[in-house]
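The following exercises ask the reader to work from a sequence and its model to a reasoned account of helices and their packing. Please attempt each task before reading its solution.

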Amino acid sequence: MAIELHPLHQFTIERIVPLRIGGLDVSYTNSALLMTIVVILITALTVLGTRRAALVPGRWQSVAEMSYEFVADMIQSNVGPEGMAYFTFIFSLFMFILFANLLGLIPYSFTVTSHIIVTFALAAVVFVGVTIIGFVQHGLHFLRFFVPEGVPKVLLLLLVPIEVLSYFIRPFTLSIRLFANMLAGHTMLAIFAGFAAILGVFAIFPLGVNLLLLALELLVATLQAYVFAILTCLYLNDAIHMH
Amino acid sequence: MSEDPPSDPLARLGEKIDRAQLERTTRRSAKSGPSAQQGIGFGYRVGIELVAAVIIAAGLGWAFDRWLGRGHWGLIVMFFLGVAAGMLNVYRAVSGLGMAIGYRPHSDEGAGSRQTKDAWDDEEC
């Protein structure tokens, strides 16, 4: 009982199917289960939603088209038409984070994005990918990225390290932002739920707070997916256009 | 294939799609007005930038000192570099340059960067 009330208990990773390959623990965990569900749901939405494409869309087709247009608009206005080549990646990224965040809000489920290893893996893919795109598009010219123009030579000694640092900080801020928001929000929800469990009649107050918090968390869940996707767009724009 | 005269139904359809797409892009750039969601999203973006930069840079410096086994200059230097990098990132985000690093004011490059700037202007007000 006491363990169940612990606000951080919800983040425990449990092995569902224990599995070892060599010395490596590759068990199928509750985190992996949630990721599988997320991928299945997204695939179902996009495949089933567009299977019977009608001129006047039904509910599911409408949702699928709206998510497509939302991401396409975001890329068009932040990267430009060249960015549409990377549409599939950014769409998958956005939908994965959105569904993972939203599914995590269901009581007794698990929030994949509340683990920094997951968000950092996503951010690292974005970071490495964008850097490769930059080098492929501009060659070694891409390194000029770190040298601000019209600055005295002496100041460059100071400015280049700052620019390099602020470039390499990107995957960290990207992952910490998503992870910290999810962790903090869900911990808060669990703390108030814990109050409700021990207060008896007065449980109505923490429950009310939880209701409001849940609404806030819904907003945060969608916003964090949006922020992650739009920052990916901005980084992509930097790599493609180099200003 | 589709360069045939417009009597070809496929080419006519292509033209129609092109026109509709053009209309859509112009309409999109014309419509402005910041949404609340974009504003909050912007807040979330900037919020973590400064803190994370300082912590990670200082951590790197500290790790460097540990690896060296003596001294504390790594921590001190990296801390201030982290503050500078974090502030630079926040300043760039707020002043509408996106998250650009090595921003060049005399850029002659394409519409993409200009579009970005417009988008940011929208979000700020």
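The exercises below concern a predicted model, and each task is followed by a worked solution.

**Exercise 1. Length and burial of α4(A)**

Task: Determine whether the span of helix α4 of chain A agrees or disagrees with its number of residues, and state what covers its buried residues.

Solution:
1. Helix α4 of chain A comprises residues 87-104, which is 18 residues.
2. At 1.5 Å a residue the helix should span 26 Å; the C-alpha atoms at its ends are 25 Å apart, so the two values agree.
3. The buried residues of α4(A) include I90(A), F91(A), F94(A), F96(A), F99(A), A100(A) and N101(A).
4. The cover over the buried residues of α4(A) includes α2 (30-49), α3 (59-78), α7 (170-198) and α8 (204-241) of chain A.

**Exercise 2. The two faces of α2(A)**

Task: Establish how the buried and the exposed residues are placed on α2(A).

Solution:
1. The 20 residues of α2(A) reach 28 Å from the first C-alpha to the last, close to the expected 28 Å.
2. S31(A), L34(A), V38(A) and G49(A) are the buried residues of α2(A).
3. These residues lie on the same side of α2(A), because they cover an arc of only 65 degrees around the axis.
4. On the face turned away from that buried side are the exposed residues T36(A), I40(A), T43(A), A44(A), V47(A) and L48(A).
5. β4 (28-29), α3 and α4 of chain A are among the elements covering the buried residues of α2(A).

**Exercise 3. The surroundings of V38(A)**

Task: Decide whether V38(A) is buried or exposed, and name the residues that it touches.

Solution:
1. V38(A) belongs to helix α2 of chain A.
2. V38(A) has 22 other C-beta atoms within 10 Å; the cut-off for a buried residue is 20 or more, and V38(A) is therefore buried.
3. Not counting residues up to four places away in sequence, V38(A) touches F96(A), F99(A), A100(A) and L103(A).
4. The C-alpha atoms of V38(A) and V112(A) are separated by 9.8 Å, although the two residues are 74 residues apart along the chain.

**Exercise 4. The largest nonpolar core**

Task: Identify which residues touch the most other members of the largest nonpolar core.

Solution:
1. The core has 58 residues, and those that touch the most other members are F94(A), A229(A), C233(A), A57(B) and A85(B).
2. α8(A) supplies the largest share of this core, 15 residues.
3. Leaving aside neighbours within four places in sequence, A229(A) is in contact with V71(A), M74(A), I90(A), L93(A) and F94(A).

Technical notes
Residues numbered from 1 in each chain as written. Chains lettered and ligands numbered in written order. Predicted model: local features only at pLDDT ≥ 70, side-chain atom pairs only at ≥ 80, totals over all residues. Helix = DSSP H or I, 4+ residues; strand = E, 2+ residues; numbered from the N terminus. Expected span 1.5 Å × (residues − 1). Buried ≥ 20, exposed ≤ 12 C-beta atoms within 10 Å, placed from the backbone. Contact = placed C-beta atoms within 7 Å. Core = buried A, V, L, I, M, F, W, Y, C linked by C-beta atoms within 7 Å. Arc of directions from axis to C-beta.
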